[in-house]
Amino acid sequence: MKKKAVLSSIAIALIAFLFAGYAFAAAATGALSLEKVRELALEKVPGGLVTDIDYEKRSNTTVYEIEIYKDGMEHDLVIDAKTGKELSYHKEKDDDYYLYAQQAESAASTTFITEAKAKEIALQKAGGSSAKIVEFEFEYDDGHAVYDGDIVDGEKKYSFKINAVSGELLKWDPDGKGKAKAASAAAPGVNAGDAGSGTTAVGDIGKEKAKIIALDKVNVAGAKVTHIERERDDGRIVYEGEIRAGDYEYDFEIDAQTGKIVEWEKERWDD
């Protein structure tokens, strides 16, 4: 009970940090600002902790995918990026709830370097005048607060990880796969990145293989993959998607390097 109280009391402090300095050019794209998206999320789950907001392109529309935690439950909400209309919502028990409570408590009492400073450190390391950050996020990695992202500079691509407290560059990984990923969808005001793109890196199983793995797991005649995208989750690249089969929906995450199913859930689908 004490940990639950801690979570609700410091949610505002954590979110204020997570979104401080995010100046998305929503007016230019017609997309809602992150502040408005968070407001809508908390209207849906009052008193919750918004832990993730992703801007994604789906078919002919764009959406915000939002994760909210409250009282041991994870709430997944998808809204139209321009209108705020709710497109899907489900909730489930989450065993990592108390981990988020501890992370929130830490964030509320720790001084972090700013997002702008972290980007400056990464771009200085890249050195090129045309270098652009194409993916950037704050996350906890093995209990440590970090800024994690990718930089593209012409044909070169770099992945980096920066300690969010000290500013120390923890990881710098050039993989030379930059240019092909420049055209995928990005959040308003942010350069296009590789999240959700069909481009694969060396050692990546590829989207089609990920579909086969997921459908083999379901093993139901008529099962259909209705959504799949390649994205970064907690510092690793995964294929995340949905399958419909009969009256059930399956949500999955598959490691893009190993093909291992890292998340799997099944629930009855209400049309």
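# Exercises on a predicted model

In this predicted model, Asp 247 and Arg 268 form a salt bridge through their side chains, at 3.7 Å from N to O. The exercises start from that pair.

**Exercise 1. Locate Asp 247 and Arg 268, and state which parts of the chain their salt bridge ties together.**

Step 1. Place Asp 247. The loop between S10 and strand S11 (248-255) holds this residue.
Step 2. Place Arg 268. This residue belongs to strand S12.
Step 3. Relate the two. The parts are 21 residues apart in sequence, so the salt bridge ties together the loop and S12.
Step 4. Check accessibility. Asp 247 has a relative accessible area of 48%, so it counts as partly exposed. The cut-off for exposed is over 50%.

**Exercise 2. Describe the open sheet that contains S12: strand order, pairing and edges.**

Step 1. Give the order. Four strands line up as S9-S10-S11-S12.
Step 2. Give the pairing. The strands are antiparallel.
Step 3. Find the edges. Strand S9 (224-233) and strand S12 (261-268) each pair on one side only.
Step 4. Add the angle. On average, neighbouring strands are turned by 15° against each other, direction ignored.
Step 5. Look at one pair in detail. S9 is joined to strand S10 (residues 236-245) by nine bridges. Ile 228 stands opposite Gly 241 in S10.

**Exercise 3. Relate Glu 208 to Ile 228: how far apart are their C-alpha atoms?**

Step 1. Place Glu 208. Helix H6 (residues 207-218) contains this residue.
Step 2. Decide whether Glu 208 is buried or exposed. Its relative accessible area is 52%, so Glu 208 is exposed.
Step 3. Compare sequence and space. Glu 208 and Ile 228 are 20 residues apart along the chain, with 9.6 Å between their C-alpha atoms.

**Exercise 4. Contrast the salt bridges Lys 36–Glu 39 and Lys 44–Glu 86.**

Step 1. Set the scene. The structure holds eight salt bridges.
Step 2. Take Lys 36 and Glu 39. Their closest N and O atoms are 3.3 Å apart. Both residues sit in helix H3 (residues 34-44), three residues apart, so about one helical turn separates them.
Step 3. Check their accessibility. Lys 36 is partly exposed at 32%, and Glu 39 is partly exposed at 38%.
Step 4. Take Lys 44 and Glu 86. Their closest N and O atoms are 3.0 Å apart. Lys 44 is in helix H3 and Glu 86 in strand S4 (residues 86-93), so this pair ties together parts 42 residues apart in sequence.
Step 5. Check again. Lys 44 is partly exposed at 33%, and Glu 86 is partly exposed at 40%.

**Exercise 5. Dissect the largest nonpolar core: which residues touch the most other members?**

Step 1. Name the hubs. Among 17 residues, Tyr 147, Ile 151 and Ile 162 touch the most other members.
Step 2. List the suppliers. Helix H5 (115-126), strand S5 (132-141), strand S6 (144-153) and strand S7 (156-163) each give at least two residues. H5 has the largest share, four residues.
Step 3. Follow Ile 151. Beyond neighbours within four places in sequence, its contacts include Leu 123, Ile 133, Phe 160 and Trp 172.

**Exercise 6. Summarise the whole chain.**

Step 1. Count elements. The protein chain has six helices and 12 strands.
Step 2. Assess burial. Of its 271 residues, 45% count as buried.
Step 3. Assess surface. The accessible surface is about 13,900 Å², with 48% belonging to carbon and sulfur atoms.

Technical notes
Residues are numbered from 1 along each chain as its sequence is written. This is a predicted model: local features need pLDDT of at least 70, side-chain atom pairs count only at pLDDT 80 or more; totals for chains, interfaces and linings use all residues. Side-chain values use heavy atoms; hydrogens and water are left out. A nonpolar core is a set of buried Ala, Val, Leu, Ile, Met, Phe, Trp, Tyr and Cys residues joined through side-chain atoms within 4.5 Å. Buried means under 20% relative accessible area, exposed over 50%, partly exposed in between (1.4 Å probe, protein chains only). Contact means heavy atoms within 4.5 Å. Two strands pair if DSSP finds at least two bridges between them. Axes are lines fitted to C-alpha atoms, for helices over the stretch in contact, and angles run from 0 to 180 degrees between N-to-C directions. Accessible areas come from the Shrake-Rupley method with a 1.4 Å probe; for residues, only the protein chains shown count as cover. A salt bridge is a side-chain nitrogen of Lys or Arg within 4 Å of a carboxyl oxygen of Asp or Glu.
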